[in-house]
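Trainee: I'm new to this one, and I'd like a close look at just one part: the place where the ligand sits. Please walk me through it.

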Amino acid sequence: MKPLEPCGVRLAGTGSAVPPQVLHNRDLERMMDTSDEWIAQRTGIRERRICDPTKEGTFTLGRDALVRALEASGMAGKDLDLVICGTCTGEMPCPSTACRIASEVGATPAAAFDLTAACCGFVYSMNVADSLIRSGRFRAVGVIGVDAMSTAIDYDDRSVSILFGDAAGAAVLVRDPDPTRGCIYQRMHADGAGWSNLYIPRRPQEVPEEDRDNPIKLGCLRMNGREVFRFAVTKFRETVEDALAGTGLGVDQIAQFVCHQSNQRIIEAAREKIGIPPEKMPVNIDRFGNSSAGSAGLLLDQLRRDGKFGVGDHVVLVAFGGGLTWASGVWRI
Ligand code: COA
């Protein structure tokens, strides 16, 4: 068999979707013992978007984001040969959310699968898609990062519920003859020893002894906020520094650092330590909260539409989250 020609990957288009319903900190004040000031000071969040569970969810948000990414690419669903959906809130364990989205956008018989890496869902999926295109096995991939976290939140509890919102981001990636285009450096890591710092137990036996008194309902997200904060601040900085060292690029050569929107304090701490100007590490957490796998793709789409990066620019994607997982991808657009 003839060896495959080396190739690169072109970001043909991006899209995103959020539900119209806004849940402001002031709404949460009426639901639980908290305040707009406490939430904004600790997290940078003012409001987030929440699905109407009767008609919206992971599937509809992911589908709408991919439809918009296809429109931006000037491509149709039938042009895709693979759809990857990074999510941890798929409505059904079977079929995958990706299968239903692929069918809705007309991508049949493209391959389709979900990828579970919690808040790293979009960055992991982008890295996997780039690698599969470079392997020569796929030509055009629809990548989605989406979570409807409101479906896994106990709104009687104030410690976790204030952080999360619902959103989807998507990208269409296409084989390109220029091998220097696409994801030029990537890292994906996990440390399962820390799983119980951020988890969604379905049955009582999945709850570790030390968390048995936690009043959060089964089926809802539990978090050890302080441990996650410690992990995130360190890993986030290390991951960005590793991406710069691994590519030999300086901060001045990166157009945008597109980071998972976990908490403004976590992002700011890393940004200041590394010496990145604020305009290169934008945040939208004030308006959308932490949307898990949805956040990096949502921000990427907003930045692309605002013209914050273009062909030839370098963009760094970074995320960390449940698993525990952390990942980066350096893209030459
Ligand atoms: N409103 C008001 N008070 C609250 C509150 C809320 N929503 N949630 C907790 N508190 C209270 C606590 O009960 C505690 O009160 P006490 O001192 O009387 O016991 C106090 O505030 C401090 O709680 P603590 O949990 O130590 O707060 P914190 O400073 O660690 O902030 C987080 C909490 C969640 C904002 C912070 O730990 C965090 O951001 N962690 C990382 C979360 C994250 O990014 N997760 C996603 C990763 S992908």
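Trainee: Which helices and strands each supply at least two residues of the shell around the ligand?

Mentor: There are four of them: helix 2 (36-43), helix 6 (158-161), helix 7 (225-247) and strand 12 (314-321). (Helices are DSSP runs, H or I, of at least four residues, and strands are E runs of at least two, numbered from the N terminus.) Keep in mind that this is a predicted model, with pLDDT of at least 70 asked of local features and 80 or more of side-chain atom pairs, while totals for chains, interfaces and linings use all residues. Numbering starts from 1 along each chain, and side-chain values use heavy atoms, without hydrogens or water.

Of those four, helix 7 gives the most to the shell, with four residues. The whole shell has 22 residues (a heavy atom within 4 Å of the ligand), and the nearest are Thr34, Arg42, Arg158, Arg226 and Asn263. If you place them on the elements, Arg42 belongs to helix 2, Arg158 to helix 6 and Arg226 to helix 7.

Now zoom in on some side chains. Asn263 has a side-chain N or O atom 2.5 Å from an oxygen atom of the ligand. Arg226 puts a polar side-chain atom 2.6 Å from a ligand oxygen. Trp38, which falls within helix 2, has a polar side-chain atom 3.5 Å from a nitrogen atom of the ligand. As for cover, the ligand taken alone exposes 960 Å², and the protein buries 73% of that (Shrake-Rupley areas, 1.4 Å probe).

Terms used: A polar contact is a pair of N or O atoms within 3.5 Å; within protein, one must be able to donate a hydrogen and the other to accept it, and residues adjacent in sequence count only if both atoms are side-chain atoms.
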